[in-house]
Amino acid sequence: MVEAIHRYGKPFMEANAALDEVTRDLEQVRFTSEESVIYRLPVAYALTERVDIAVAQIQAHLSALANRTDPDAQRFRTFATAFLSKFT
């Protein structure tokens, strides 16, 4: 286990230590899922001072959810409201 962490885990962590690299991974939906990236990528953009891109993505996803009332849509709307109130 220790050898695997040293061989694979440490290089992975070093390659993904910078927020810009994590953001690029999120943009490519690497090491995450579509369901998760809709929350994480806007936060990464905001942390890297690209709030305009974050807001545009959130608004686009809100438009895509226009007629949905399921729990996932409601959860995203709650997130979007909180995010937009802080960053706009």
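**Entry 1: helices H4 and H5**

I looked up how helix H4 (residues 51–64) lies against helix H5 (residues 71–87), and found that their axes come within 11 Å and cross at roughly 150°. That angle makes H4 roughly antiparallel to H5, because angles over 145 degrees are counted that way. I note here that the model is a predicted one. I also looked up the hand of the crossing of H4 and H5, which is left-handed.

Next I asked which residues make the contact between H4 and H5. From H4, I listed Val-51, Ala-54, Val-55, Ile-58, His-61 and Leu-62. From H5, I listed Phe-76, Arg-77, Phe-79, Ala-80, Phe-83, Leu-84 and Phe-87. I sorted the residues of this contact by kind: eleven are nonpolar, one is polar and one is charged. The charged one is Arg-77 of H5 and the polar one is His-61 of H4, because Arg counts as charged and His falls among the others.

**Entry 2: salt bridges**

I then turned to charged pairs. Side chains of opposite charge can pair when their charged atoms come close. How many salt bridges does the structure hold? I found six, and I wrote up three pairs, as follows.

**Entry 3: Arg-7 and Glu-3**

The side chains of Arg-7 and Glu-3 meet in a salt bridge, at 3.3 Å from N to O. I checked where the two residues sit: they are four residues apart in helix H1 (residues 2–15), so about one helical turn separates them. I also looked up the exposure of Glu-3, which counts as partly exposed at 45% relative accessibility.

**Entry 4: Glu-21 and Arg-24**

Glu-21 forms a salt bridge with Arg-24, and I read 3.0 Å between the closest N and O atoms. Both residues lie in helix H2 (residues 19–27), three residues apart, which is about one turn of the helix. Is Glu-21 buried or partly exposed? I found a relative accessible area of 22% for Glu-21, so it is partly exposed, since buried means under 20%. Arg-24 is also partly exposed, with 40%.

**Entry 5: Arg-75 and Asp-72**

I came back to helix H5 for this pair, in which Arg-75 and Asp-72 are three residues apart and separated by about one helical turn. Arg-75 forms a salt bridge with Asp-72, with 2.5 Å between the closest N and O atoms. For exposure, I noted a relative accessible area of 46% for Arg-75, which is partly exposed. Asp-72 counts as partly exposed too, at 44% relative accessibility.

Definitions and conventions: Residues numbered from 1 in each chain as written. Predicted model: local features only at pLDDT ≥ 70, side-chain atom pairs only at ≥ 80, totals over all residues. Heavy atoms only, no water. Axes fitted to C-alpha atoms, helices over the stretch in contact; angles between N-to-C directions. Parallel < 35°, antiparallel > 145°, perpendicular 65-115°, else oblique. Left-handed = near helix turned anticlockwise from the far one by under 90°. Contact = heavy atoms within 4.5 Å. Salt bridge = Lys/Arg side-chain N within 4 Å of Asp/Glu carboxyl O. Buried < 20%, exposed > 50% of the residue type's maximum accessible area, 1.4 Å probe, protein only.
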